[in-house]
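Hello,

Here is the structure I promised to pass on. Please open it first, then read my notes below.

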Amino acid sequence: MDDTWHLYTDLAWLWPMWGDAASEYAHYCQHVTSLIQHYARRPTGTLLDMGCGGGKNVLNLKRQFNVTGVDLSPTMLEQAKDLNPECSFVQGDMRTVRLDRTFDAVLMDDAISYMSCLADFVAAFRTASAHLNPGGVLIATPDVTTETFQQNKTIATPAARTGTWDGLDVVFIENVYDPDPADEQYETTVLYLIRDHGHLRIEMDHWTMGLFSIAIWRRVLRETGFEVREEQYVAAEDEYTVFACVKTR
Ligand SMILES: C[S@@+](CC[C@H](N)C(=O)[O-])C[C@H]1O[C@@H](n2cnc3c(N)ncnc32)[C@H](O)[C@@H]1O
């Protein structure tokens with residue numbers, strides 16, 4: 001099945017409903033901030049969020065940093081700008097983009113999952129390295145690794161009820177599946193159940209994503225110029241490895 005990008009194009013208006021930016025992302029961003037401050041070997045005033053999407057992480061990180069966001073999707077960047085008018089946003093591909101400046105910290109969050117082959121994965125970390133000042137910190141958090149992947153894991157999430165979506169009831173059903181455990185990919189399928197004043201419309205996305213072992217994460221991060229530390233982040237019943245990486249060269 002071919003990949004689709006509805007959530008980041010024509011269905012991007014659904015993104016603010018998927019989780020609540022203020023509460024859901026705040027705890028993770030506090031963790032990210034404390035790791036950056038702990039590991040940095042320089043003052044940390046500026047941060048680049050690679051794959052910033054609708055700017056939910058930016059909303060929380062801008063309290064501590066002067067934040068710039070990069071994303072492939074102009075539609076998602078519009079949302080990020082609306083949520084964070086005081087921050088800068090640039091359209092670009094994390095594999096190739098080169099801004100004309102460097103930062104004290106870089107965040108590589110869930111968007112890294114879209115690097116669905118090793119070459120793209122390496123390219124994204126080269127981009128991170130190219131945008132970091134020496135002694136700055138890259139924080140990279142895999143959604144899943146080979147070790148933590150759960151075949152057929154399916155999560156249904158009702159829309160957060162904090163917005164102004166009168167008459168709309170939305171449920172997100174997300175399924176992950178690895179058809180071939182021998183390769184470095186898995187697929188995410190999302191169903192959007194959209195009820196507008198009770199009238200049901202069902203939409204769908206399908207994404208091919210990258211799946212790498214912790215050993216490959218460590219190796220690629222080291223080879224792209226980082227000194228690698230590993231921390232754990234616990235959210236509800238899930239635990240994530242967070243790579244805190246200092247740029248050494
Ligand atoms: C789940 S969203 C990120 C949400 C974000 N963490 C937030 O705080 O709102 C994933 C994003 O990855 C972006 N993306 C996917 N591939 C990309 C690439 N090659 N370069 C830049 N952004 C990419 C998509 O456009 C999408 O906005």
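What radius of gyration would a compact globule of 249 residues have, and what does the protein chain have? The globule would come out near 18 Å. The protein chain has 18 Å, so the two agree. Please keep in mind that this is a predicted model.

**Overall build**

The C-alpha atoms fill a box of roughly 55 × 45 × 30 Å along the principal axes. The protein chain holds five helices and eleven strands. Of its 249 residues, 37% count as buried. Look also at contacts between residues at least 6 apart in sequence: 63% of them join residues at least 24 apart.

**Two domains**

The domain assignment splits the protein chain into domain 1 (6–145 + 211–247) and domain 2 (154–209). Domain 1 is thus given as two segments, and domain 2 as one. Their C-alpha centres lie 22 Å apart. The contact between them involves 16 residues of domain 1 and 19 residues of domain 2. On the domain 1 side, eleven of the touching residues are nonpolar, four are polar and one is charged.

**The ligand**

Which residues are closest to the ligand? They are Gly53, Lys56, Ser73, Met94 and Ala111, out of 19 residues that surround the ligand. By class, this shell has seven nonpolar, six polar and six charged residues.

**Helix α3**

Helix α3 runs over residues 74–83. Met76, Leu77, Gln79 and Ala80 are buried there. Why do they sit on the same side of α3? Because they cover an arc of only 155° around the axis. As a rule, an α-helix has 3.6 residues a turn, so residues three or four places apart point the same way. Pro74 and Asp82, on the other side of α3, are exposed. What covers the buried residues of α3? The cover includes α2 (56–61), β2 (66–71) and β3 (88–91).

**Valine 171**

Valine 171 is in strand β7, residues 168–177. Is valine 171 buried or exposed? Neither label fits: with 14 C-beta neighbours inside 10 Å, valine 171 counts as partly exposed. The cut-offs are 20 or more for buried and 12 or fewer for exposed, so 14 falls in between. Leave aside the neighbours within four places in sequence, and valine 171 is in contact with Ala156, Thr157, Pro158, Ala159 and Leu193. Now check leucine 14. It lies 157 residues from valine 171 along the chain, yet their C-alpha atoms are separated by 10.0 Å.

**Two positive phi angles**

Most residues other than glycine have a negative phi. Two residues are worth a look here.

- Asparagine 152 is not a glycine, but has a positive phi of about 70°. Asparagine 152 is in the loop between β5 (132–140) and β6 (154–158). It counts as exposed because it has 8 C-beta neighbours inside 10 Å.
- Histidine 197 is not a glycine either, and its phi is positive at about 50°. Histidine 197 is in the loop between β8 (185–196) and β9 (199–210). With 8 other C-beta atoms within 10 Å, histidine 197 is exposed.

That is the handover.

Best wishes

Note on methods: Residues are numbered from 1 along each chain as its sequence is written. This is a predicted model: local features need pLDDT of at least 70, side-chain atom pairs count only at pLDDT 80 or more; totals for chains, interfaces and linings use all residues. A residue is near a molecule or strand if its C-beta atom, placed from the backbone, lies within 6 Å of it. Ala, Val, Leu, Ile, Met, Phe, Trp, Tyr, Cys and Pro count as nonpolar, Asp, Glu, Lys and Arg as charged, and the others, Gly among them, as polar. Helices (H or I, at least four residues) and strands (E, at least two) are DSSP runs, numbered from the N terminus. The radius of gyration is taken over C-alpha atoms; the globule rule is 2.2 Å times the number of residues to the power 0.38. Two residues are in contact if their C-beta atoms, placed from the backbone, lie within 7 Å. Domain bounds come from an automatic or database domain assignment. The arc is that of the directions from the helix axis to the C-beta atoms.
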